[in-house]
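These are my notebook entries on a metal site and a helix. I record below what I looked up in each.

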Amino acid sequence: MSIRIQPVNALKDNYIWIIINDSNGQAIIIDPGEAAPVINYLTEQSLEPIAIWITHRHYDHVDGVAELQETYPMIHVVAHSEHPVTADQTIKDGSTVNAWGRTAQVWGTEGHTEHHVSYILDVDGRAHCFCGDTLFSGGCGRILSGTAEMLYNSLSRLSELPDDALLYPAHEYTAANLRFGRTIEPENAAIQQALIDATEKTEQHIPTLPVTVAHEQAINVFLRTDEDSVIAGVEAKTQLPDTRPVTVFAALRALKDNF
Ligand SMILES: [Zn+2]
């Protein structure tokens with residue numbers, strides 16, 4: 001079985017990730033915030049969509065679902081019971097989802113919102129993680145209906161995936177995140193290089209995603225809250241009550257909100 005994963009651009013800066021099985025021409029769609037670009041892509045590529053997997057409730061992840069269900073009546077929608085879609089299968093942390101006889105694991109990764117989940121699909125021994133708005137390259141989601149502690153725990157869990165696991169966030173925020181990260185860790189050469197790469201790609205409309213877990217551990221300050229350099233960078237901008245990683249994380253998130 002030959003599986004590949006492609007992004008479809010939607011809305012302002014969303015990526016709708018499409019898991020394609022080249023052996024049978026079928027596809028699984030992650031977080032369709034819009035239907036039209038997905039339908040165009042599937043038609044162009046002669047793909048048959050079999051499922052939709054939803055990570056969280058925001059409109060830019062679910063608004064295309066109803067139209068896709070009308071267009072493809074056999075499509076199987078997977079979502080949490082609190083997501084605003086009509087689901088065929090409800091999932092939560094610990095659930096599994098079938099993909100052509102393979103099993104994707106569902107992890108609760110709340111914090112950006114409550115009931116946010118990520119899907120982890122093993123393809124030939126490598127994990128592919130669809131993490132919605134939990135982690136972005138160089139950054140993380142805003143805390144909109146969760147807590148800093150929830151999001152910190154979710155990011156910690158994602159960063160425990162194998163080093164070569166691929167992360168597929170739902171937005172192209174990489175360059176902006178790295179410009180913030182650079183102000184926290186000005187001596188981090190990996191951040192400098194990643195910013196050069198991301199700026200070049202973004203100018204050419206090339207996605208900077210997916211990224212590996214090992215890459216994020218080197219360049220994402222939100223995963224580096226136990227590093228002295230990050231603690232010092234935060235303390236230079238704001239007063240910390242203590243230097244526990246979750247405290248540093250909450251302060252970083254607040255600084256980024258106002259960056
Ligand atoms: Zn969101």
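**Zinc site**

I examined the angles at the zinc ion in this predicted model: they run from 89 to 170° among its 4 donor atoms, and the site is irregular. The upper value matters for the assignment, because four donors count as tetrahedral only if all angles lie between 85 and 135 degrees.

I then listed the protein donors, which are His56 through NE2, His58 through ND1, His112 through NE2 and Asp133 through OD. They lie 2.2 to 2.3 Å from the zinc ion. Along the chain I read their spacing as H-x1-H-x53-H-x20-D.

I located His112 in the loop between β8 (102–108) and β9 (117–123), and Asp133 in the loop between β10 (126–132) and β11 (135–136); the pair therefore ties together parts that are 21 residues apart in sequence. I also looked up accessibility: His112 is buried, at 4% relative accessibility, and Asp133 is buried at 4%.

**Helix α6**

I turned to α6, residues 189–203, and found that its 15 residues reach 21 Å from first to last C-alpha, close to the 21 Å expected. Its buried residues include Ile191, Ala194, Leu195 and Ala198. Seen down the axis of α6, the buried residues fall within an arc of 105°, so they line one face of the helix. I noted that they pack against α5 (174–184) and α7 (213–219). The face turned away from the buried side carries exposed Ala189 and Glu203.

Finally, I checked both ends. At the start of α6, a side-chain oxygen of Asn188 comes to within 2.9 Å of the backbone nitrogen of Ala190. Just after α6, His205 has a positive phi of about 60°.

Notes:
Residues numbered from 1 in each chain as written. Predicted model: local features only at pLDDT ≥ 70, side-chain atom pairs only at ≥ 80, totals over all residues. Heavy atoms only, no water. Donors = N, O, S within 2.8 Å, 3.2 Å for Na, K, Ca; no water. Tetrahedral: all angles 85-135°; square planar, octahedral: opposite > 155°, others 65-115°. Helix = DSSP H or I, 4+ residues; strand = E, 2+ residues; numbered from the N terminus. Buried < 20%, exposed > 50% of the residue type's maximum accessible area, 1.4 Å probe, protein only. Expected span 1.5 Å × (residues − 1). Arc of directions from axis to C-beta. Contact = heavy atoms within 4.5 Å. Polar contact = N/O pair within 3.5 Å; in protein donor to acceptor, adjacent residues only side chain to side chain.
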